[in-house]
Amino acid sequence: ISSYFFFFFKQKTAYEMLRSLVGSEMCIRDRLKGYALNNLAVASWWHKYPNHENLEEDEEAQSPNQTQQLTQDIMEELEKVKDYSTEQIDADFDNTIRLFKNSIYTIENVANVQDEAVKQYLDSLLKSESLVPKDFLQNDPAEKQYFSDKATGIPLMNIGELLLITNPITNPEAVFWFRFSQKFFEYKDPENIDRCIITLGHFCTKTQQFIKAEKLFKKAMDMFDRKKSDSFNKVLCLRLYGNMLKLIPNRNREADRLLLQAYDLEEQLPYWASKIPHINIPEMTL
């Protein structure tokens, strides 16, 4: 009898472990699919705006005419590639926000959310053809933070940043998504909120709120110092901070010092470091 129970226990345990492993494999596969959707959306974004990072650099470095000419030159080169025309780039870009939303939907496994009210909310937000359903614009994103996976922060931040770059800062949809990503990082991943802080500082500079912008840039720099992080986000912060100080009388020397730090640090980083903040990279153990 004891042998029978031992066999039954081992068989039952193995069966449950198998089910668990199959479930985990499906979860991992869905998660990787979510990563791929985000990265595909980022590629569409960069094809449409190949020099988007230059828009964040020192305005004295490139005039609007130079920036426009650079974009035109790149587009003319792309036209020569028969397999990827500018029409295809435009078509792909029109699908970018939808891809980011689907990335979040997949990473968070919304299809299997048990709470019907939460599922309905997320379905409405992430499956809607509009950027933001109209009735959502009156809601505070802090009230309904249903996302739990830290990997969601990247596509969420990408939506907010893309809309703020390509739309006026007063655009309510852009503001909604940026605030949503900001609140997500505050609640779920505060150690990595620096990109949101930098972006907010940048747009405070654009609206000439220099005192507020400087406080935000300093806050981000304190975070980098605390984490001992020399990432591209630190380069971006130094650069935007320096460019802002150039707009303030008698602060050119401080500005030049920060811009020199940004240049020196960027020289130490690999050429693809500026891409890392936007893409999902799966963790792998070798």
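Let's start with E254, which counts as partly exposed at 30% relative accessibility. Keep in mind as we go that this is a predicted model. What does the side chain of E254 meet in a salt bridge? Its partner is R251, and the N to O distance is 2.8 Å. R251 itself is on the other side of the cut-off: its relative accessibility is 18%, so it counts as buried, the limit being under 20%. So here we have a buried residue, R251, paired with a partly exposed one, E254.

And that pair has company. Which residues are linked in a network of salt bridges with R251 and E254? They are E214 and K218, so please find these four in the structure in front of you: E214, K218, R251 and E254. For the model as a whole, the count comes to 13 salt bridges.

Let me show you two others. One joins K246 and D256, whose closest N and O atoms are 3.0 Å apart. K246 is in the loop between helix 10 and helix 11, while D256 belongs to helix 11, residues 252–268, so this salt bridge ties together parts that are ten residues apart in sequence. How accessible are the two partners? K246 is partly exposed, with 25% relative accessibility, and D256 is partly exposed too, with 41%.

The other one is between K227 and D194, with 3.1 Å from N to O. This pair links distant parts of the chain: K227 sits in helix 9, residues 210–227, D194 sits in helix 8, and 33 residues separate them. Are these two buried or exposed? K227 is partly exposed, at 28% relative accessible area, whereas D194 is buried, at 4%.

D194 brings us nicely to the next topic, helix packing. In general, two packed helices are described by the angle between their axes and the distance between the axes. Our example is helix 8, residues 194–206, with helix 10, residues 232–245: their axes come within 10 Å and cross at roughly 20°. Why do we call them roughly parallel? Because the label applies to angles under 35 degrees, helix 8 is roughly parallel to helix 10. The crossing of these two helices is left-handed.

Now, who makes the contact? From helix 8 we have D194, R195, I198, H202 and T205. From helix 10 come F232, N233, L236, C237, L240 and M244. If you sort the residues of this contact by type, you get six nonpolar, three polar and two charged.

Let's zoom in on one of them, H202, in helix 8. H202 is buried, with a relative accessible area of 14%. Leaving aside residues up to four places away in sequence, H202 touches F217 and L240. How far is H202 from M244? Along the sequence they are 42 residues apart, but in space their C-alpha atoms are 8.3 Å apart.

For my last stop, let's visit D94, in helix 3, residues 86–94. D94 is exposed, with a relative accessible area of 63%. D94 and K48 are 46 residues apart in sequence, and from C-alpha to C-alpha they are 9.7 Å apart in space.

So, if you look for one thing after this talk, try D194: it is buried, it shares a salt bridge with K227, and it takes part in the contact between helix 8 and helix 10. Thanks for listening!

Conventions: Residues numbered from 1 in each chain as written. Predicted model: local features only at pLDDT ≥ 70, side-chain atom pairs only at ≥ 80, totals over all residues. Heavy atoms only, no water. Axes fitted to C-alpha atoms, helices over the stretch in contact; angles between N-to-C directions. Helix = DSSP H or I, 4+ residues; strand = E, 2+ residues; numbered from the N terminus. Parallel < 35°, antiparallel > 145°, perpendicular 65-115°, else oblique. Left-handed = near helix turned anticlockwise from the far one by under 90°. Contact = heavy atoms within 4.5 Å. Nonpolar A, V, L, I, M, F, W, Y, C, P; charged D, E, K, R; others polar. Buried < 20%, exposed > 50% of the residue type's maximum accessible area, 1.4 Å probe, protein only.
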